[in-house]
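Here are two short exercises to work through with the model open. Try each one yourself before you read the solution.

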Amino acid sequence: INRAWFPHRLPERDELRKHSGRASELDPKIKMILLGLLGTEYFVDDYVFAGIQGAGNNIVVRQYSYQWGIEERRHGQALRFCLIDSGLMIQAEVDAFLEQCSHYRWTFERQTGMEATAVNVPSYSTVQETHTRHNYSSFRRYLRAEYQRTGNPLLLALDSFIGYIERDEGAHEANFRALLKIYLKYRPSQTVWAMNKSFAS
């Protein structure tokens, strides 16, 4: 699967605009879910900072954190287009929502209760990416079920758009899991502790 995609160039944007007149027919829950996902993805810079902080002097892990951040950044952009192009919200409303989000700063320590280290960050990230992928997969199933119920083509365009993000999250989960296996081999006690802590958070 090719994951070299750019939100502003996706053909689904045309489909969203084409059927935006039917936005009022959608279950209001869809807008709320999209806003919740956008709010979560908005803090990508804080997430990347935690990854770099945890990498320390490890150039490979630090570079991976940069690449991961580049891919994660497009998720928020994609969700923004989903809301605006679909007609669910206007740009000013989305920007006002993001302005509210900007007053909060996410930190790894506050979220997890752990220090951002080379072992703790991939451990928590593996769990987080697993949950995030599951959330997107569940949302897509809901969108398809709603399409079966209503026949609104806007739902299929949203489903297809969200699919790009879902695939990214699955790939990120696999990458963090591979990194965690390396640490498990060379730092087993630290890694097991971090995994238990991460799964409990």
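**Exercise 1.** Keep in mind that this is a predicted model. Find how many cavities of 30 Å³ or more a search of the whole structure turns up, then work out which residues line the largest cavity and which helices supply them.

*Solution.*
Step 1: Start with the search. Over the whole structure, one cavity of 30 Å³ or more comes up, and the largest cavity holds about 60 Å³ of space.

Step 2: Pick out the lining. Thr40, Glu41, Tyr47, Trp68, Glu72, Gln128, Glu129, Thr132 and Glu169 line the largest cavity.

Step 3: Trace the lining back to helices. H2 (28-41), H4 (59-85) and H7 (120-150) each give at least two residues, and H7 has the largest share, with three.

Step 4: Sort the lining by character. Four residues are charged, three polar and two nonpolar.

**Exercise 2.** Now take helix H9 (residues 188-200). Which of the residues of H9 are buried, and which are exposed on the other side?

*Solution.*
Step 1: Check the length. The 13 residues of H9 reach 18 Å from first C-alpha to last, close to the 18 Å expected at 1.5 Å a residue.

Step 2: Look for residues under 20% relative accessible area, the cut-off for buried. In H9, Thr191, Ala194 and Ser198 are buried. They span an arc of only 65 degrees around the axis, so they sit on the same side of H9.

Step 3: Flip to the other side of H9, where Ser189, Asn196, Phe199 and Ala200 are exposed.

Step 4: Ask what the buried residues of H9 pack against: H7 and helix H8 (153-186).

Definitions and conventions: Residues numbered from 1 in each chain as written. Predicted model: local features only at pLDDT ≥ 70, side-chain atom pairs only at ≥ 80, totals over all residues. Heavy atoms only, no water. 1 Å grid on protein atoms, 1.4 Å probe; cavity = no way out; pocket = protein on both sides within 12 Å on 5 of 7 lines; lining within 4 Å. Points joined across faces, edges and corners; volume = space filled by probe spheres on them. Helix = DSSP H or I, 4+ residues; strand = E, 2+ residues; numbered from the N terminus. Nonpolar A, V, L, I, M, F, W, Y, C, P; charged D, E, K, R; others polar. Expected span 1.5 Å × (residues − 1). Buried < 20%, exposed > 50% of the residue type's maximum accessible area, 1.4 Å probe, protein only. Arc of directions from axis to C-beta. Contact = heavy atoms within 4.5 Å.
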